[in-house]
Amino acid sequence: MSGRGQFVADMKPPGLREVAFVRSQVPHGRIRGVAVPADVEPGSVWTGTDLAPIAEPLTATSTLKGFRAAPLPHLAVEKVRYVGEPIAMAIAGTRAEAEDLAARITVDIEPLPAAVDFTGALAQDAPLVHDDWPDNVYATTSGDVGDVDAVARDAAVTVTREYTMNRQAVVPLETRGVMAQHDRTSGQLVVHSSTQTPHMIRDMIAILLGIEARQVRVIAPDMGGGFGTKCSVYPEEIALAAVAMRLPHPIRWVEDRWEAMVSSTQARDHHYRITAHAAADGTLLGVEADILVNAGAYSVHPWTATMDATMSAAMIPGPYRLGNYRFRTRSVATNKTPLGPYRGVARPGACLAIERTVDELAHALGIEPYEMRIRNMVRPDDMPYTSVAKKVYDSGDYPEAVRRVAALIGHDAWRKQQQDVSDGARHRIGIGYGSFTEQTAHGCIEWASRGLAITIGTEGARLEMDSSGGLTLSVGIKSHGQGAETTLGQVVSEVFDVDPALVTVVHGDTALTPRGDGTFASRSMVMAGGATHGAAQQLAGKVLRIGGVLLGEDPEKLQLMDGAVVGRTGSVTYRELAKEFLFTPDHVPGVEAGLEVSYYYRPDTQTGAFTYATHAAVVSVDLDTGAVALLDYAVVEDCGTVVNPLIVDGQITGGIAQGIGTALLEELVYDADGQPKSTSFLDYLLPGATEVPMIKIGHLQTPSPHTVFGVKGAGEGGAIAPPAAIANAVTDALRAFGAEANETPMTPVRIWTALQDAQASPVRGAAMTGTDR
């Protein structure tokens, strides 16, 4: 499908005109000129030169030492730095006419050499993505905790491996879209955008256009998925907003699938070199990590180009008791589309790197891999546990998740079946595990530690009881398929004892909701749920006081039951109570007016509430073709108190499906010159029903001591561990041949090539990317 889904079907205001962008077809080049046809209607074509005086460029800043900012132009002026970068916008009555007009705009670009991959971008003579930089590195971070060199000398075994997680598209079913209109009657700029962060978009439009935020209203309509790609601020949002201020009619742009593949933020593109040291009994002594992230041509707001690198470094220690850790990260600028958030944000790569390495340590020591994990994990009586990366793990039983998932997958039965396979069989079975901790609902201190110029850690909710006793909840987050309307309605229903279906939840409109930071980082239920609970408690207290007056009883002894305030001698329904209070407030003396409260919530923890899980995969590998088939898959997770089991299971299942895509199928391929080669579903393969097996899900529930109800985030966990679990299973299947799976996606050609290289090498394991000692 084209990707122009719900956004196209939304209301079409009178006079609406459509936008098409002229985008760069070269990865790196100098713009020598943009020629606009002489016969075009005034205001129908806008270039970077036109836009520059009315909209400041978007600059993501960071407090990290040595960080290099890269202002992101809304329309390129002097240079283009990736295929898909917008250069000009054409406006016409229909999208087809706008595209025809765009095709008549001539852009003269002098091609320049492109920096594409890590080797090319970091070379001494690499072409510079940004001319005023000395090299192509946004920032370098490092840390050295404990004494890695000492434990390396004492280790019984040391393993070094290199891992690559290739670049992916985020691919929400519905692409991005923006519609902007300046209402001259009210003086308000109204922007509809398929965004996960409507208040952030409003704030940045106001700042970059030099107007007051009260003059901007952002509406995020019902939309089909986001997964992180819709929580950054984009050039198209600012460009349409700026131009709409100067036109007498609304304008709209809806991204087509080619644009989505080249201009929406992309993800992953990591390389790891991991060295791990262990004692003879399997104790993990120390880890060294060198992390490279290909962040693309620009740093996106607000996350910056260092988001993945800093998260990877923090998550490499995983759920393990690790006292000695050394790391270095480099966020590299290249002539690729900018990197942005995608479900899991760097954790899938970090999990792949440490979990594959744990398996190699276990193999070198002759320990069953799942037992190796149990021996080294943070124990329940260690909680709260401060990791070597200074993250505070709040609660959980990490070893129990491993034990339970091993039982759920039927580990012993699969091991026996694996051992019963004859030497001549052309399919081999493998079992693999992947464990992780997931930082959810990060607080202000956490975001500041990563260098973000803005800190995120508060969420608001407004709850109103109307004159009929109905309840309307307004929240600043944006639900785009997670079921937040249901779970937040449940919180209100829990306090007021009403059917959740009777609670209206409003979100996605800056004019109707309290200010919020948006939906990302598995934060919605913790943050918005906490704010909702606070608002509900405050309003409930007032309702009880009103009920006390109407019933002539002590409010402290009243209860909210089945849609009414219930006392010892009688009851009053919410409908009766609200009507009496709002229509005849003189009947309720001593209670301040209004049945509406606002509440802003910040959890006690500042490094986050830590979800965790262990995934287990069983695969069959075809030795003749390299094809991998998933035979079984199980996960045991702990997201604290489960508010809605069906939604949690749905989140896990959907995340695992995306993780399978990362592990086996999805890759954005660029050629050596920086041209993207996978820009449609003809050459970018997504998982379908036949690639996703039946998934067994088990739950532990250890409430967080820092959040309302003890909830933790559940949105991203499903996507984190599949690459690690599947890579370990594939390597387990190929162990006898000396081949390993250390690069995603694990395509048949990569597996087959690893097998051939291993068998051709005089030293078994030539396909490995490191050595054991």
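**Entry 1: α6 and α7**

I looked up the pair α6 and α7 and noted that I201, M204, I205, L208 and L209 in α6 meet E237, I238, A241 and A242 in α7. By class I have eight nonpolar residues in this contact, no polar ones and one charged. The model is a predicted one.

I then took the geometry. Helix α6 spans residues 198–209 and helix α7 spans residues 235–244. Their axes come within 10 Å and cross at roughly 55 degrees. I therefore put α6 and α7 down as oblique to each other. The crossing of α6 past α7 is right-handed.

**Entry 2: α11 and α12**

Next I looked up helix α11, residues 369–376, and helix α12, residues 398–409. The two axes come within 8 Å, and I noted a crossing at roughly 160 degrees. Angles over 145 degrees count as roughly antiparallel, so α11 is entered as roughly antiparallel to α12. I recorded the crossing of α11 past α12 as left-handed.

Which residues make the contact between α11 and α12? From α11 I listed Y370, R373 and I374. From α12 I listed P399, V402, R403 and A406. Sorted by class, the contact of α11 with α12 has five nonpolar residues, two charged and no polar.

**Entry 3: nonpolar cores**

I turned to buried nonpolar residues. In soluble globular proteins, nonpolar side chains tend to be buried together. The largest nonpolar core here has 99 residues. Which of its members touch the most others? I wrote down I316, I726 and V730.

I followed I726 further. Setting aside neighbours within four places in sequence, I726 is in contact with A617, V619, L630 and Y633, and also with I660, A663, L664 and M746. Apart from the largest core lies another, of 60 residues, and I noted M200, C231, A297 and M307 among them.

**Entry 4: I695**

Last, I checked I695. I found I695 in strand β28, which covers residues 695–699. Is I695 buried or exposed? Its relative accessibility is 18%. Buried means under 20%, so I entered I695 as buried.

For contacts of I695, I again left aside neighbours within four places in sequence, and the list reads Y633, V635, T653 and I656. Y633 is thus on the list for I695 and on the list for I726.

I also took one distance from I695. I695 and A389 are 306 residues apart in sequence, and their C-alpha atoms are 32 Å apart in space.

Definitions and conventions. Residues numbered from 1 in each chain as written. Predicted model: local features only at pLDDT ≥ 70, side-chain atom pairs only at ≥ 80, totals over all residues. Heavy atoms only, no water. Axes fitted to C-alpha atoms, helices over the stretch in contact; angles between N-to-C directions. Helix = DSSP H or I, 4+ residues; strand = E, 2+ residues; numbered from the N terminus. Parallel < 35°, antiparallel > 145°, perpendicular 65-115°, else oblique. Left-handed = near helix turned anticlockwise from the far one by under 90°. Contact = heavy atoms within 4.5 Å. Nonpolar A, V, L, I, M, F, W, Y, C, P; charged D, E, K, R; others polar. Core = buried A, V, L, I, M, F, W, Y, C linked by side-chain atoms within 4.5 Å. Buried < 20%, exposed > 50% of the residue type's maximum accessible area, 1.4 Å probe, protein only.
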